[in-house]
Amino acid sequence: MSTISDPPSGSFQLSMLINDTRYRSYTFQFIALILLILAFAYLGYNLLANLQAAGLNISYQFLGEPAGYDINQTLIPYTSQSTHWQASLVGVLNTLLVAFLGCLMATVIGVVVGVLRLSDNWLVRQLMSVYVEIFRNVPVLIWILIIMAVFIAVLPQPRDFRGDDPEATMFLNAFAFTGRGFYSPAPIFGPGSGAVIAVFLASIAGIFAFRNYAKKALYERGQLIPTFWPSVAIFFIPAIIAYFIFGRPITLEYPELRGFNFQGGIFMRNSLIALWFALSIYTAAFIAENVRAGILAVSKGQTEAAASLGLRPGRIMNLVVLPQALRVIIPPLISQYLNLTKNSSLAIAVGYMDLTGTLGGITLNQTGRAIEAIFLLMLFYLAISLAISAIMNVYNNAVKLKER
Amino acid sequence: MKKLAILGAMTVAGLSAGVASAATLDDVKARGKLNCGVTTGLVGFAAPNANGEWEGFDVGVCRAVAAAVLGDPTAVEFVPTTGKTRFTALASGEIDMLARNTTWTFSRDVDLGFEFVGINYYDGQGFMVPKELGVSSAKELDGATVCIQTGTTTELNLADFFRANNISYEPVPIETNAEAQPLYLEGACDVYTTDASGLAATRAAFENPSEHVVLPEIISKEPLGPLVRHGDNQWGDIVRWTLNALIAAEELGVTSANVAEMSASAGSNPEINRLLGTEGTLGEMLGLEADWAKKAIMAGGNYGELFEKNIGENTPIGLARGLNAQWTEGGLLYSPPFR
Amino acid sequence: MSDTHAQTVAFVRDTMLPEQPPPASEAGVIKWMRENLFKGWFNSILTIVALYFIFKIVTGAYPWFANGIWTTSSLAECREMLDGMTGACFSVLTERWNQLLFGFTYPPEAYWRPTLAFVLLIVAIAPVLYPKAPRQLLVFTGIYPFVAYWLIWGGTLLAPLMILAGLIAGYFAFKQFERQSFAMGMLAGLVAAIVVIWAGGIIPASLPDALALQAVQSRDLGGFMLNMILGTVCVSLSLPLGILLALGRQSSMPIIKWICVIFIEFIRGVPLITLLFVANVVLAYFFPPGSNIDLVLRVIIMITMFSAAYIAEVIRGGLAALPRGQYEAADSLGLDYAQATRLIIMPQALKISIPGIVNVAVGLFKDTTLVSVISMFDLVGMIRGPILASTEWNGVYWELWGFAVFLFFIVCFSISKYSQWLERQLATDHR
């Protein structure tokens with residue numbers, strides 16, 4: 001605030017604590033600190049009094065005790081005899097899984113929609129803005145529940161696949177879209193499949209090397225080497241050859257109706273898909289707006305300048321517009337990722353076993369340790385948020401316009 | 001506006017905190033209403049009817065306690081609770097008692113610090129499946145998808161049962177009974193498991209109850225009863241003996257129809273006299289009026305009447321008395337003597 | 001010139017030709033279609049795909065709407081009436097209309113009260129939203145919260161009146177002492193308000209039936225009404241809180257700054273659902289033993305904290321966008337911090353941040369549906385719980401969810417359109 005050039009002479013007086021701007025800030029801070037301590041003391045005292053009255057204590061011992069319940073989707077080994085802590089870890093991984101899948105799909109849809117909103121095509125433009133407005137303006141919880149309702153009410157249940165004249169049949173005899181989730185064939189890696197995978201990975205590295213070489217050729221010798229088709233060839237041909245050389249070691253396991261459910265293959269549970277799709281299409285509507293704003297933020301002159309250099313529209317987009325637009329797009333994009341991750345806690349509405357479902361749900365219910373469980377739950381989400389913010393700061397510093 | 005109300009409430013509460021401590025009875029009397037925790041909706045046990053009035057077997061217990069304490073069976077505020085919120089609601093004092101088909105277990109009694117005052121329904125966990133699946137025993141459920149309410153003992157029993165029998169299953173966790181219903185009916189799960197009474201109540205709400213069967217296996221003991229907080233023994237006694245009064249009344253043949261007549265003057269059976277307050281000072285010992293038990297019985301009838309009216313064989317739920325018959329008729333209901 | 005040509009050229013036009021109409025492919029609808037729908041093969045494919053998509057949706061949805069049945073009392077009856085045709089059972093909406101809007105325990109004879117409260121809400125926020133509305137309405141905006149509280153929760157009118165009186169007393173005390181210093185004024189205002197509310201509390205307590213409406217418990221609120229109440233109450237409460245937090249975060253006093261930073265970052269870092277869990281199962285432990293603060297109030301506290309953190313960040317953006325010169329100009333006029341903030345900084349910062357605040361408000365309103373997860377019966381909770389589980393309406397998904405989508409879309413879309421309009425109105429900078 002204002003600086004006083006000529007401080008009043010004389011010794012310190014008590015009234016200066018309020019009236020002198022040099023000391024007043026200390027007074028205020030002191031009062032704030034006291035109030036804060038009082039507030040915490042008051043809450044803490046109440047907590048202790050309430051806990052004592054109810055004969056409870058605060059203890060994290062329950063994390064080491066067997067959980068006793070089963071979880072339907074576990075990325076790490078887990079049985080009902082595992083501890084509550086392991087159940088929480090299962091939940092953490094499930095949260096991260098759906099958040100990762102959601103971010104991926106939301107980005108793809110969001111970028112496509114955002115670009116299409118600026119398309120020359122009037123009809124497509126209108127359709128895309130309808131999409132954005134509808135999904136932005138309705139709560140994501142409703143979208144999650146609607147997609148879940150599609151699973152429950154529209155898609156056939158496994159029992160409809162049964163019998164001589166079933167109501168539903170599998171798609172290509174390999175994919176089953178049921179109300180309980182989607183089943184697809186799973187690869188089975190026999191002996192020798194390691195070599196095939198190694199060849200495949202090597203060919204991916206080869207693609208990068210080839211592209212680098214092409215770029216070098218272009219910059220140094222001005223020689224234009226086509227990259228697209230050779231890349232496709234490198235991607236497929238060695239792997240396929242290796243696959244046959246090693247005697248077809250990778251086979252597919254098809255899902256098949258046995259007993260109550262389909263068995264075998266890869267199973268994606270309805271709750272995961274409902275959550276994943278709903279979060280993706282909801283967040284994509286916001287991302288689309290960010291992308292659109294980012295592209296619009298690149299001034300028209302840049303496009304025109306690039307065009308006057310003779311660049312083709314695709315190259316203008318890739319070499320001139322996008323690199324500049326990304327600077328505008330990425331920070332809000334990352335905060336959308338953060339929102340998506342936080343919204344994934346709505347999993348509890350469809351019974352997806354993320355962290356809110358295990359630690360904040362069943363563990364809390366079974367042990368009755370509400371304060372402890374919710375505190376841990378918040379800490380975890382806070383850690384994710386802080387990690388994402390840190391990434392964002394690093395990125396922001398990296399792409400900051402370097403003014404010389 | 002609201003913030004001020006909070007401030008006001010906190011200051012008032014802060015001042016009165018010293019006075020109002022553990023005496024739940026005084027709180028209830030001062031408030032003029034009993035706060036009773038019930039389920040969010042399970043037909044027959046506790047569910048709001050078309051007019052928004054709560055009805056059911058557990059509701060009957062709440063009303064009996066309200067009648068015994070306040071003399072008015074309608075002076076109850078029903079607080080719907082889920083598996084997650086019920087214990088916190090009770091521990092934090094939001095409700096005075098919980099009557100939400102809650103299983104009496106060691107850890108809930110000892111570790112969570114609650115006092116189960118008795119058992120109003122002896123139950124066990126069962127399975128319901130659609131008839132068309134042709135399943136006749138729970139042991140045939142290998143690989144089945146099972147809908148299950150989270151936060152209940154059924155979840156743990158289920159894990160134990162399937163592990164003990166070495167068969168696999170897919171749990172689908174559900175928050176409330178209401179959410180489980182469409183999942184089960186549309187076939188998103190093959191089996192629905194919860195307390196057998198809850199299965200019967202759920203089935204009764206189906207359009208075609210006869211298309212579903214409850215499997216014969218009962219895989220657990222589920223003694224359901226009302227509970228209160230640890231530490232307020234007087235209040236615990238009131239709820240315990242109100243429940244016992246309802247049970248004893250059936251045993252002694254006191255019904256809502258004849259209780260007025262029987263309590264008009266001391267009769268020949270001294271236990272009835274003591275129960276109804278025409279002899280002795282049982283009410284005074286509890287800190288209630290002499291005719292507390294009479295009011296409790298008048299509220300909705302004795303145990304048998306409550307049972308028949310809400311969940312008995314003549315209701316859509318159609319539960320037989322079974323274990324819940326009086327001990328004189330081969331059941332487990334056994335009220336300690338009123339003496 | 002023309003003379004020389006007159007001999008060498010057979011014909012020279014010396015008048016302008018009348019304008020020809022452009023060729024058919026370059027005019028009117030055809031031109032528009034060519035430029036906007038069929039420009040290049042890629043666009044043509046897109047157009048055809050889009051047209052097919054629209055055609056599918058319209059042909060699918062039309063019979064569903066057109067055959068809709070509005071009068072039956074159960075799903076079975078409705079299916080019977082439809083007799084195998086495609087059609088919607090909108091009768092679930094008509095039959096459960098009141099439950100969807102007001103929840104299932106709000107007293108039916110009092111439905112007019114929340115309805116009136118929301119009609120009055122429109123009147124009350126008009127002067128805030130539209131700068132052209134008559135200024136006198138602001139007085140009504142000031143008393144509206146008390147009227148609305150009385151209408152929705154019932155009880156005696158004296159209780160909200162006493163709190164209003166307390167606030168007025170506080171305001172006058174503030175004015176009285178403001179000349180000494182802003183802090184003194186605030187302190188005096190606070191003391192006066194508390195004293196008046198405290199002392200005046202006796203009046204409603206002794207006259208519980210004066211001007212009383214039938215009292216309604218908070219837990220009896222439900223349906224879309226609950227969403228609206230939570231949305232409006234929490235947004236309006238979080239505005240002042242958000243301003244304070246934003247100022248605190250910009251403050252030069254480290255302790256105050258760090259308190260605000262930690263609060264804001266903590267709240268923004270956790271999902272709302274965990275805060276609602278706190279309201280549901282933890283918060284009660286932090287109140288004095290024996291106090292009984294009902295769930296709606298606890299939820300309002302947590303949602304308010306949540307949105308205050310977000311609003312604080314928006315306002316901080318507004319503060320940061322103000323040119324440094326504004327602060328310096330205020331200093332050079334000799335204004336102290338409180339005066340400068342109130343008279344110079346905040347009016348401009350708020351103006352910049354209004355669109356952002358509206359966005360937060362829309363997000364918050366959508367997030368009020370999360371209370372259904374903690375077993376409160378808002379619109380989503382009503383649909384998921386009592387209605388879909390009832391014997392009569394088991395399985396009526398699309399009509400109910402469509403209705404929910406429709407309601408939220410109408411409200412949120414109009415608010416965001418308003419915000420865009422306002423943004424254009426406020427764009428008074430020189431362009």
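Helix α6(B) is followed by Asn166(B), whose phi is positive, near 55°. The model is a predicted one, and this report starts from that residue before turning to chain B as a whole, then to the strands of chain A and to the contact of chain A with chain C.

**Two residues with positive phi**

Most residues other than glycine have a negative phi. Asn166(B) is not a glycine, yet its phi is positive. The residue sits in the loop between α6 and β10 of chain B. Is Asn166(B) buried or exposed? A residue counts as exposed if 12 or fewer other C-beta atoms lie within 10 Å of its own. Asn166(B) has 7 C-beta neighbours inside 10 Å, so it counts as exposed.

Chain C offers another case. Ser375(C), also not a glycine, has a positive phi of about 55°. Its place is the loop between α17 (337-367) and α18 (379-387) of chain C. The threshold for a buried residue is 20 or more other C-beta atoms within 10 Å. Ser375(C) has 20 such atoms within 10 Å and is therefore buried.

**Helix α6 of chain B**

Helix α6(B) covers residues 153-164. At 1.5 Å a residue its 12 residues should span 16 Å, and because the end C-alpha atoms are 16 Å apart, the expected and modelled values agree.

How many of the 12 residues of α6(B) are buried? Nine of them are, which leaves the helix mostly covered. Among the buried residues are Leu156(B), Leu158(B), Phe161(B) and Phe162(B), but Thr153(B), Glu155(B) and Asn157(B) are buried too. The cover includes parts of chain B, namely β8 (125-130), β9 (144-149), β10 (169-174), β11 (191-195) and β13 (222-224). It also includes α11 of chain A, so named in the other chain.

**Chain B as a whole**

The secondary structure of chain B comes to 14 helices and 14 strands. Its C-alpha atoms fill a box of roughly 60 × 60 × 40 Å along the principal axes. For 339 residues, a compact globule would have a radius of gyration near 20 Å; chain B has 21 Å, which agrees. Of these 339 residues, 54% count as buried. Among the contacts in chain B with a separation of 6 or more, 72% are between residues 24 or more positions apart.

Chain B is divided into domain 1 (22-122 + 224-329) and domain 2 (125-220). Their C-alpha centres lie 29 Å apart. Where the two domains meet, 18 residues of domain 1 are in contact with 16 residues of domain 2. The side of domain 1 that touches domain 2 has eight nonpolar, nine polar and one charged residues.

**Three paired strands of chain A**

In chain A, strand β1 (residues 176-178) and β2(A) run antiparallel and are joined by three bridges. A hairpin of two residues connects β1(A) to β2(A). Strand β2 (residues 181-184) of chain A also pairs with β7(A), again in the antiparallel sense, over four bridges. Some of the bridge partners are listed here.

| Strands | Residue | Bridge partner |
|---|---|---|
| β1(A) and β2(A) | Ala176(A) | Tyr183(A) |
| β2(A) and β7(A) | Phe182(A) | Met268(A) |
| β2(A) and β7(A) | Ser184(A) | Ile266(A) |

In a regular strand the side chains alternate between the two faces of the sheet. Strand β7 (residues 266-269) of chain A shows this alternation. Which of its residues are buried? Phe267(A) and Arg269(A) point to one face and are buried, while Ile266(A) and Met268(A) point to the other face and are not.

**Where chain A meets chain C**

In this contact, 49 residues of chain A touch 45 residues of chain C. On the chain A side, α2 (21-54), α4 (122-136), α5 (140-154), α10 (313-343), α11 (355-367) and α12 (370-399) each supply at least two residues. Of these, α2(A) gives the most, with 13 residues. By class, the chain A side divides into 34 nonpolar, 12 polar and three charged residues.

Helix α11 of chain A thus appears in two places: it supplies residues to the side that touches chain C, and it is part of what covers the buried residues of α6(B).

Definitions and conventions
Residues numbered from 1 in each chain as written. Chains lettered and ligands numbered in written order. Predicted model: local features only at pLDDT ≥ 70, side-chain atom pairs only at ≥ 80, totals over all residues. Contact = placed C-beta atoms within 7 Å. Nonpolar A, V, L, I, M, F, W, Y, C, P; charged D, E, K, R; others polar. Pairing = 2+ DSSP bridges. Expected span 1.5 Å × (residues − 1). Domains from an automatic or database assignment. Rg over C-alpha atoms; globule rule 2.2 N^0.38 Å.
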